[in-house]
Amino acid sequence: MKRFLYKGTLLIMVFGLTACGYSLDELYDKASFNSINFSDNYYTRWDKNISYKESDNKITNPEAETIYLDKTTDHVFTKYGEDNFRIVEGNYSNYVYEEDLSEVENEQGKLPYGPNNDLNDIDNSFRYGFMSRLFDGQLFCNGFYERARVQINSDGFGRTFPKELFKINSTTPYFALSFKTSIEYRRVVEVGGQEVNIDIAKWLHGNSTGSLIHFTDIALTINFYLKNEDGYERVPVYYEINDIPCNQSDNFSRSNYYLFGFEIGNSVSSLDRCAGISIEYSYTDAYLDDINSRIDVIEICVSVRIFY
Amino acid sequence: MEMAKEKANKRKIDFSAFANVVVFFTLEVLAFIAFSLGSSYILFSVLSFVLLIFLILVTFRQIKTDGLASFGFFLFPIFIFGVLSALSVFTKDPMFSLGGNAFFIPIGMTCFAACGYLVASLKSFSISRALLVIYSALAILTLINLLATMVEFTPFYTLIYRNKFIYYNGDISEVPISEMAFALLGFSVSEVSVEYFSLFPSLLLTAVIPLFFLKFKQNKTIFMLYLGYSLLGFFSLLTTVSKTTLVSDALMFVIVLLVLLFSKLNWKGKVLKIVSIVLGSFFLLGLIVLFINAQEGASGIFVTLQDFISGNQILNKLFNANRFSDSYNKILNALLTTNGTGDFIYLFGFYPTYNVPASNSWFFDNLMTSGIFGFLFFAAFIVLGVRQLLIYYRKSDDSMKDKAMIVALIFCFFSYSLINFDMTPLIFSKTLSPIYLSGPFLVALFLFSYASFKTLNVVPAIESVQPLLEENKPIENKKGDVDNETISL
């Protein structure tokens, strides 16, 4: 009987050891990232292993040289209908770039672009976690204001992937990122113990109608992290996009979305074994500078697509 | 003369010599189905069908035809239930797990139930071993599920992370992780509801029963196995205990205790009858009141009763204001829904919808999955089955340990499923898998049929078949008798 008790205790200890809690790494409240205050919705997580600004990381080339993309040689595109995009996307004319929630072809026999090129369908492991929002094929926020898919400030985020990415077919590999920009348009502040909803535009202009529509310049820095035996090789990529419409939040017109991307195989020779990504940005915004003393937040609403 | 000899020789060619092989095959199929591998009902059906053919070949010369007729009468309601379920509107739902193969429904359940009856007629079949096989399969499944859940979560996560959600496929999960667990479905581990996860450890709790009948010194291995199984069940339920399963956990303990009490005190006669009648009457009365209370837009005595219930705090809590009754009421109310021309539109089953969701109870969900007539046939089968089971418990020459285990296993399964059977076990899929497609249900049918054979055939079974092992000689049913079991299968 004693032997059994010992064995039983051992078994319970084994169960205890198995309690790894792999799925407890990312837990959220039901209404997470859906606050009425834009500044509460920023996704800011940086995984320790690829946190290149910190000293305690697993990056094997800390002094990695930034790759400045060239519009011509790297076939950089910033719009859905751009020539460079048509060049790198071999099936360009077979896709429709407006519907993005269904995988089924439309009446013209065209397939929605996002849902038919998403990582979530390629491997189930990409379905888990907040990052799955970047991999589910939905290119547009499809909602109002705070219901952005992934919202980042200029410090961005950095996450590792559950699996490594490889080029597996002969088609041209490219990276693509769908996004739009906005500065803070609404804020809830507490005045005298009561929550007050401030419409920034109205407050700024001092009248009942106000608009924050303007143009901004964005400089994107995207780091790819390629897995190797000792950790991760950082591949930083930089590109500037000027005159991006800002705060044109008409959710039913998707004309203000930007599709940024480039061909892999030129300046960026390969992204094989890519197992992480970080996205940051800086901005030049005269309009915002003008009101910066009063409004101190800018955000970018992104929906990232990775094709590889 | 030679012709007569040839005829005699021909008569001697039978398949009963393969009885041991078929018994072994039966145990294999039983283990496979109890293990619920992938809830693959089509595979279960094919296996059951093949096994039934083998059993017919082996037993058709010896089996008593009068018993067969009675068994046919017993089996008839479940066959009709299967047919009506297959024809139900419910099976047309795109999320129905069998898709266009609904015709397998009556095949699987009828064949496997018949297997239980036929195999019981073979002397080499030992119910003690069959139960050990069932419990072992359940234990392996529970162990895998528990390990998978603990690897992903942590003990007592259901209490610690009650309002925490995960993101899946770009969206926040519909339920918090406290309502999730991991389970082996097919050859992959998936997120399932805690209700589905808890079903198997709940059934394992009944493994505590043989511990009160076996003597440790004489049956060390068996004793330790059952002790391990029951501890595994208890540990699984304990580490995943939640508000959702607390009621069913408590119910399982009560049933196990009651079965132990009855079997140890040898209450077989009046006490058993009285308790059965009282519980049955309460259930029936409660059901009638629930049905009347659920009818919206009713008039006359229905309204009077509804007002009385809503005016009484306890009755209102019992029939209206609890998480169970709300979904039951919706299904019962939907049952009498008519269209513009006054036709009842939900009599032959219906899809679960947002307004009328599945109730997590086989009793009420059967109205949805099989229609009112399917429900009635199923109810008839259950009544007949329970009656046979109680007769088996009182009169069979099986050991009290085995009888108590069979009764407890069946009662625990149907009681658990009465309040917590999740028809959509997968968290991130709406695949519909009603109770009649589940492995434990088929095992319960098998045991019902076994009990039916033992009830209908009180005379010792076939003499011509050689016993599998020496120790399989008929056991005298004496009070306090102890099995001398080994596990040399």
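At what angle do helix α14 and helix α15 of chain B pack, and how far apart are their axes? I started my notebook with that one, keeping in mind that this is a predicted model.

**Entry 1: the helix pair**

I looked up α14 (residues 323–335) and α15 (residues 362–395) of chain B and found an angle of about 30°, with the axes 8 Å apart. Angles under 35 degrees count as roughly parallel, so I noted α14(B) and α15(B) as roughly parallel to each other. The crossing of α14(B) past α15(B) is left-handed.

Next I wanted the residues that meet there. From α14(B) I listed B:Tyr328, B:Ile331 and B:Leu335, and facing them from α15(B) I listed B:Phe364, B:Leu367, B:Met368 and B:Ile372. I sorted the residues of this contact into seven nonpolar, no polar and no charged.

**Entry 2: the loop joining them**

I then checked the loop between α14 and α15 of chain B, where B:Asn360 lies. B:Asn360 is not a glycine, yet its phi is positive, about 60°. Is B:Asn360 buried or exposed? I found 23 C-beta neighbours inside 10 Å, and 20 or more are needed, so B:Asn360 counts as buried.

**Entry 3: a positive phi in chain A**

Over in chain A, I stopped at A:His75, in the loop between β1 (67–68) and α2 (83–88). Phi of A:His75 is positive too, near 50°, and this residue is not a glycine either. A:His75 counts as buried because it has 23 C-beta neighbours inside 10 Å.

**Entry 4: helix α11 of chain B**

I tested the length of α11 (residues 270–294) of chain B. Its 25 residues, at 1.5 Å each, should span 36 Å, and I got 36 Å between the end C-alpha atoms, so the two agree. Only two of those 25 residues are buried, so I wrote down α11(B) as lying largely in the open.

**Entry 5: where the chains meet**

I turned to the contact between the chains, where 20 residues of chain B touch 25 residues of chain A. On the chain B side, α6 (127–152), β1 (167–168) and α9 (220–239) each give two or more residues. α6(B) has the largest share, with four residues. By type, I put this side of chain B down as 14 nonpolar, four polar and two charged.

**Entry 6: chain B overall**

To finish, I took stock of chain B: 17 helices and four strands. Of its 489 residues, 50% are buried. Among its contacts between residues at least 6 apart in sequence, 78% join residues at least 24 apart.

Definitions and conventions: Residues numbered from 1 in each chain as written. Chains lettered and ligands numbered in written order. Predicted model: local features only at pLDDT ≥ 70, side-chain atom pairs only at ≥ 80, totals over all residues. Expected span 1.5 Å × (residues − 1). Buried ≥ 20, exposed ≤ 12 C-beta atoms within 10 Å, placed from the backbone. Contact = placed C-beta atoms within 7 Å. Nonpolar A, V, L, I, M, F, W, Y, C, P; charged D, E, K, R; others polar. Axes fitted to C-alpha atoms, helices over the stretch in contact; angles between N-to-C directions. Parallel < 35°, antiparallel > 145°, perpendicular 65-115°, else oblique. Left-handed = near helix turned anticlockwise from the far one by under 90°.
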